[in-house]
Amino acid sequence: MELRWSGRSDADPVRGWVPSEDFAIVAAGVVVGAIVLRLGDTEALRRYGGQVGYRVAPEQQRRGYATAALRLLMPIAVSHGFAALWITCRPENVASRRVLDKVGARFVELVETPADSDLFARGDRRMCRYLLDL
């Protein structure tokens, strides 16, 4: 399994978004998902949005791809100057919480999302906060 760089997303200051490095998760030559490293350390990222986001195609889930991708992303994050990463997920996202446990992230707290956030607008009212020391 490998991460294949797929580009850099620009910041959107109006929305409070930071730039990111985007990667495809590739297994046996097939793209099975994506993972993103958000290159910022804002209060909104630390508390709600997370500095990492990942997804695996439904038909490829439960094969360890997200866990492996997060492990591969860790040295990349270090090369960008991170000593730790804040990663968030919905409380009901048991699969994502399991990934975070497997890589050694520490659950910190459950927080309410602000009513004026993109997360709230898409229906995410609460987020679990995890800290992953690198």
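Tutor: Two strands count as paired if DSSP finds at least two bridges between them. The model discussed here is a predicted one.

Student: Which residue stands opposite V26 in β3?

Tutor: Strand β2 covers residues 20–27, and strand β3 covers residues 30–38. The two pair in the antiparallel sense over eight bridges. In β3, the residue opposite V26 is V31.

Student: In what order do the strands of the four-stranded open sheet stand?

Tutor: Pairing in this open sheet is antiparallel. The order of its four strands is β1-β2-β3-β4.

Student: Which strands stand at the edges of that sheet?

Tutor: The order of the sheet is β1-β2-β3-β4. An edge strand here has a single partner, so one of its sides is left without a neighbour in the sheet. That applies to two strands, residues 2–9 and 52–56, which are β1 and β4.

Student: How many bridges pair β1 and β2, and which residue of β2 is the bridge partner of L3?

Tutor: β1 and β2 pair in the antiparallel sense, over seven bridges. G7 has its bridge partner in β2 too, namely D22. For L3, the bridge partner in β2 is I25.

Student: Why is β2 largely enclosed by the rest of the structure, and how many of its residues are buried?

Tutor: S20, D22, A24 and V26 point one way from the strand, and these residues are buried. E21, F23, I25 and A27 point the other way, and they are buried as well. β2 is therefore largely enclosed by the rest of the structure, its buried residues numbering eight of eight.

Student: Which residue in the hairpin of β2 and β3 takes a positive phi, and is it buried or exposed?

Tutor: The hairpin has two residues between its strands, and A28 takes the positive phi, near 50 degrees. A28 is a residue other than glycine, placed in the loop between β2 and β3. Exposed means over 50% relative accessible area. A28 has 84%, so the answer is A28, exposed.

Student: Where is R62, and what is its phi?

Tutor: R62 is placed in the loop between β4 and α2. At 77% relative accessibility, R62 counts as exposed. R62 is not a glycine, yet its phi is positive, about 70 degrees.

Student: How far apart are the end C-alpha atoms of helix α2, residues 65–79?

Tutor: The helix has 15 residues, and at 1.5 Å a residue it should span 21 Å. The span found in the model agrees with that expectation, because the end C-alpha atoms are 22 Å apart.

Student: At which residue does α2 bend?

Tutor: The bend is about 25 degrees, and a proline, P75, follows within four residues. The buried residues of α2 include L70, M74 and the residue at the bend. That residue is L73.

Student: Which residue just after α2 takes a positive phi?

Tutor: Helix α2 covers residues 65–79. The phi just after the helix is about 95 degrees, and the residue is G81.

Student: What is the strand order in the open sheet of three strands, and which strands stand at the edges?

Tutor: The three strands pair in the antiparallel sense, in the order β5-β7-β6. β5 (84–89) and β6 each have a single partner strand, so one side of each lacks a neighbour in the sheet. Neighbouring strands are turned by 25 degrees against each other on average, direction ignored. The order is thus β5-β7-β6, and the edge strands are β5 and β6.

Student: Which residue of β7 is the bridge partner of E109, and which ring does that residue lie over?

Tutor: β6 and β7 run antiparallel and are joined by six bridges. In β7, the partner of E109 is R129. R129 also lies at 4.0 Å from a ring centre, over the face of W86.

Student: Which residues form the one aromatic pair, and how are their rings set?

Tutor: F107 and Y130 form the pair, with 5.5 Å centre to centre and 70 degrees between the planes. F107 lies in β6 (residues 106–112) and Y130 in β7 (residues 126–133), so the pair ties together parts 23 residues apart in sequence. Planes over 60 degrees apart count as edge-to-face. The pair is F107 and Y130, set edge-to-face.

Student: Which residue is buried, with a relative accessible area of 2%?

Tutor: Buried means under 20% relative accessible area. F107 is at 37% and counts as partly exposed. The residue at 2% is Y130.

Notes:
Residues are numbered from 1 along each chain as its sequence is written. This is a predicted model: local features need pLDDT of at least 70, side-chain atom pairs count only at pLDDT 80 or more; totals for chains, interfaces and linings use all residues. Side-chain values use heavy atoms; hydrogens and water are left out. Rings of Phe, Tyr and Trp (its six-membered ring) pair if their centres lie within 6.5 Å; planes under 30 degrees apart count as stacked, over 60 as edge-to-face and the rest as tilted. Buried means under 20% relative accessible area, exposed over 50%, partly exposed in between (1.4 Å probe, protein chains only). A charge sits over a ring if NZ of Lys or CZ of Arg is within 6 Å of the ring centre and within 35 degrees of the ring normal. The expected span of a helix is 1.5 Å times one less than its number of residues. The bend at a residue is the angle between axes fitted to the seven residues ending there and the seven starting there. Axes are lines fitted to C-alpha atoms, for helices over the stretch in contact, and angles run from 0 to 180 degrees between N-to-C directions.
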